[in-house]
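Visitor: I am new to this structure and would like a close look at a single part, the aromatic rings and what surrounds them. Please take me through it slowly.

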Amino acid sequence: MTSKKRLASLALCALSIVSLSALANPIPLNGSFSFNGAGVSSFSPNGGGIDAATSVSLINPIQVSQVNATTFGNPNYFLGILTPGFSGTQGYIGNSTSNSTYALTIGNNSTAIPDLLGITATNGDAFTFSATSESVLNRNFSGNVSSLSVIFLGSMTDSLGKISPSQSSLGLTFIDNAGTLGYTGAFSAPPATINVPEPGSLLLVGIGALGLGLGVRKFRAVSGPQGATA
């Protein structure tokens, strides 16, 4: 083999190694999804609406309700591996045991919460979000309806090492609609821009999501479970 051929072969090998290394390296996460929670069992103090709560006991699991095609104008990493809708991918807040409750303290801005959110994709990759800080976005009370919105900043990791630890946000909205309690949420990486919505819009969106979730659960209760396994 001539020296030119030897150099060409070495160059091809180097390019192959670089390509494989690039494929193996984790990438920053660009992705988002919305979800509905199973419910809220209680909150405290309970002398008024949920808007004044300093602790909320929420019920697991959460269920993915929407996965948009893009996040901040770029392809959504979760599209295709998280199933949206009421038959969608399930996860948890704070406690991975199904039908468990998790007491979330509101107002501890600098308190880290490891494994605050967890969800496993259809490809078997388990994603975990750990919070490093929390901010209350909105406390609103109107008649017999109240709401509380908080956002957590932190980092998302995955079990298969496909993504690098990525800065991200988790938003939760708790609704008390005349004694009917529930919550919805949204995850975003990079973190979502913190825009406080108008109180009226916040209540309408939250009540609509809560009503839709309760309606589906009522329909399932009447129709009976489908595809259940022992």
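Guide: Phe 33 and Phe 35 are both buried, and it should be said at once that this is a predicted model. A search through the whole structure finds 9 aromatic pairs. In one of them the rings of Phe 33 and Phe 35 have centres 6.3 Å apart and planes at 45 degrees, so this pair is tilted. Another pair joins Tyr 77 and Phe 127, whose ring centres are 6.3 Å apart and whose planes stand at 75 degrees, so this pair is edge-to-face. Because Tyr 77 lies in the loop between strand S4 (74-75) and strand S5 (90-93), while Phe 127 belongs to strand S8 (residues 126-142), their pairing ties together parts that are 50 residues apart in sequence. The two partners also differ in exposure, for Tyr 77 is partly exposed with a relative accessible area of 23%, whereas Phe 127 is buried with a relative accessible area of 1%. Ring pairs link these four residues with Phe 78, Phe 129 and Phe 187 into a cluster.

From the rings we can turn to the nonpolar core. The largest such core has 39 residues, and those with the most contacts inside it are Ile 93 and Phe 174. Among the elements that give two or more residues to this core are strand S1 (31-44), strand S2 (55-66), S8 and strand S11 (180-189). Ile 93 touches Phe 35, and, beyond the residues up to four places away in sequence, its other contacts include Leu 58, Tyr 102, Leu 170 and Tyr 183.

Tyr 92, placed in strand S5, counts as buried at 19% relative accessibility. Leaving aside neighbours within four places in sequence, Tyr 92 is in contact with Asn 60, Ile 62, Asp 115, Leu 116, Leu 117 and Gly 118. Ile 93 likewise touches Asn 60, Ile 62, Leu 116 and Leu 117.

Returning to Phe 127, we meet a charged neighbour. Asp 158 is found in strand S9, and, apart from residues within four places in sequence, Asp 158 is in contact with Asp 125, Ala 126, Phe 127 and Ile 163. Asp 158 is buried yet has no salt bridge, and the nearest side chain of opposite charge, that of Lys 162, is 6.8 Å away. A polar atom of the Asp 158 side chain does, however, lie 3.3 Å from the backbone nitrogen of Ile 163.

Methods. Residues are numbered from 1 along each chain as its sequence is written. This is a predicted model: local features need pLDDT of at least 70, side-chain atom pairs count only at pLDDT 80 or more; totals for chains, interfaces and linings use all residues. Side-chain values use heavy atoms; hydrogens and water are left out. Rings of Phe, Tyr and Trp (its six-membered ring) pair if their centres lie within 6.5 Å; planes under 30 degrees apart count as stacked, over 60 as edge-to-face and the rest as tilted. Buried means under 20% relative accessible area, exposed over 50%, partly exposed in between (1.4 Å probe, protein chains only). Helices (H or I, at least four residues) and strands (E, at least two) are DSSP runs, numbered from the N terminus. A nonpolar core is a set of buried Ala, Val, Leu, Ile, Met, Phe, Trp, Tyr and Cys residues joined through side-chain atoms within 4.5 Å. Contact means heavy atoms within 4.5 Å. Lys and Arg count as positive and Asp and Glu as negative; His and the chain ends are not counted. A salt bridge is a side-chain nitrogen of Lys or Arg within 4 Å of a carboxyl oxygen of Asp or Glu. A polar contact is a pair of N or O atoms within 3.5 Å; within protein, one must be able to donate a hydrogen and the other to accept it, and residues adjacent in sequence count only if both atoms are side-chain atoms.
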